[in-house]
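Please open the model in your viewer and keep a selection panel at hand. The stops below are meant to be followed in order, each with something to select and something to look at.

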Amino acid sequence: MEIHRYEKIWLAGALLLIVGFIATVSYGAVGAGIEMINDEGGQVDSAALDEHPKFSEPGTYKTGPNEYDVYVIAKQFLYEPGTSEPIRVPANSRVTFHVTSADVIHGYEIVGTNANTMAVPGQVSTMTVEFNEPRKYGLLCNEYCGSAHHAMEGSIQVVPQSEWNETMVVN
Ligand code: CUA
């Protein structure tokens, strides 16, 4: 069978596009440190967060030299802590966020960074972030969660080491 030269070129081009699309989708799903929420963070009873040893008093906990855990509850339409007051962490620290939801699925994105996870009721999402410079970061919800989804936001204040006071830590 005779295939016209132009037809061969278009066939090759179409094939290349398909391979290219598969490659970009695969990279977007698993490349560059992207991973699905796993069960590493454990599970919680979303209806009984006030009985949880940490989520009952969400906030910053010191776990080691320059290492902190931050427990955050997302709920319609705020972060606790984060919205009415910023989450406070010291500069030059390694912070593991433990994020869960008290009601529906929310997002938890540190604006302008690649730190982003979901807040799922019953599940704790964890992610570890290093904060080097003192500065403020915005937080926002990027999962549609109801009528005020667009207004669900908060902030993280990275405090200079010299101003950091351990009494800012929950325990
Ligand atoms: Cu919470 Cu959108």
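Begin by selecting helix H1, residues 5–30, in this predicted model: of its 26 residues the number buried is zero, so the helix lies largely in the open. From its first C-alpha to its last, H1 reaches 38 Å, close to the 38 Å expected at 1.5 Å a residue. If you colour the side chains along a helix, bear in mind that an α-helix has 3.6 residues a turn, so residues three or four places apart point the same way.

Move next to Gly31, which is found in the loop between H1 and E1. With a relative accessibility of 12%, Gly31 counts as buried. Add Ser147 to the selection and draw a distance between the two C-alpha atoms: Gly31 and Ser147 are 116 residues apart in sequence and 33 Å apart in space.

Now colour the chain by domain, with domain 1 covering 1–34 and domain 2 covering 39–168. The C-alpha centres of domain 1 and domain 2 lie 40 Å apart.

Within domain 2, whose bounds are 39–168, select strands E1 (residues 59–64) and E2 (residues 67–75), which run antiparallel and are joined by five bridges. E1 and E2 form a hairpin with two residues between them, and Asn66 in the turn has a positive phi of about 60 degrees. Beside this turn, Gly64 stands opposite Glu67 in E2.

Glu67 also leads to the next stop, for its bridge partner in E5 is Arg94. Extend the selection to the whole of E5, residues 93–101, and follow its pairing with E2, where eight bridges join two strands that run parallel. E5 is also joined to strand E8 (residues 125–131), by seven bridges and in the antiparallel sense, with Ser93 standing opposite Phe131 in E8. Is E5 enclosed or open to the outside? Eight of its nine residues are buried, so E5 is largely enclosed by the rest of the structure.

Two residues of E5 deserve a closer view. Select His98, which counts as buried at 13% relative accessibility; leaving aside neighbours within four places in sequence, the residues in contact with His98 include Phe55, Tyr71, Val72 and Val124. Then select Ser101, which at 0% relative accessibility also counts as buried. A polar atom of the Ser101 side chain lies 3.5 Å from the backbone oxygen of Ala74, and the side chain of Ser101 reaches the backbone nitrogen of Asp103 at 3.1 Å. Beyond neighbours within four places in sequence, Ser101 is in contact with several residues, among them Ser46, Leu49, His106 and Pro121.

For the last stop, select the five strands that form an open sheet of mixed pairing, in the order E4-E10-E9-E6-E7. E4 (87–90) and E7 (116–119) stand at the edges with a single partner strand each, so one side of each is left without a neighbour in the sheet. On average, neighbouring strands of this sheet are turned by 25 degrees against each other, direction ignored. To finish at the E7 edge, select E6, residues 106–110, which pairs with E7 in the antiparallel sense over four bridges, and look for Glu109, which stands opposite Asn116 in E7.

Key: Residues numbered from 1 in each chain as written. Predicted model: local features only at pLDDT ≥ 70, side-chain atom pairs only at ≥ 80, totals over all residues. Heavy atoms only, no water. Pairing = 2+ DSSP bridges. Axes fitted to C-alpha atoms, helices over the stretch in contact; angles between N-to-C directions. Domains from an automatic or database assignment. Expected span 1.5 Å × (residues − 1). Buried < 20%, exposed > 50% of the residue type's maximum accessible area, 1.4 Å probe, protein only. Polar contact = N/O pair within 3.5 Å; in protein donor to acceptor, adjacent residues only side chain to side chain. Contact = heavy atoms within 4.5 Å.
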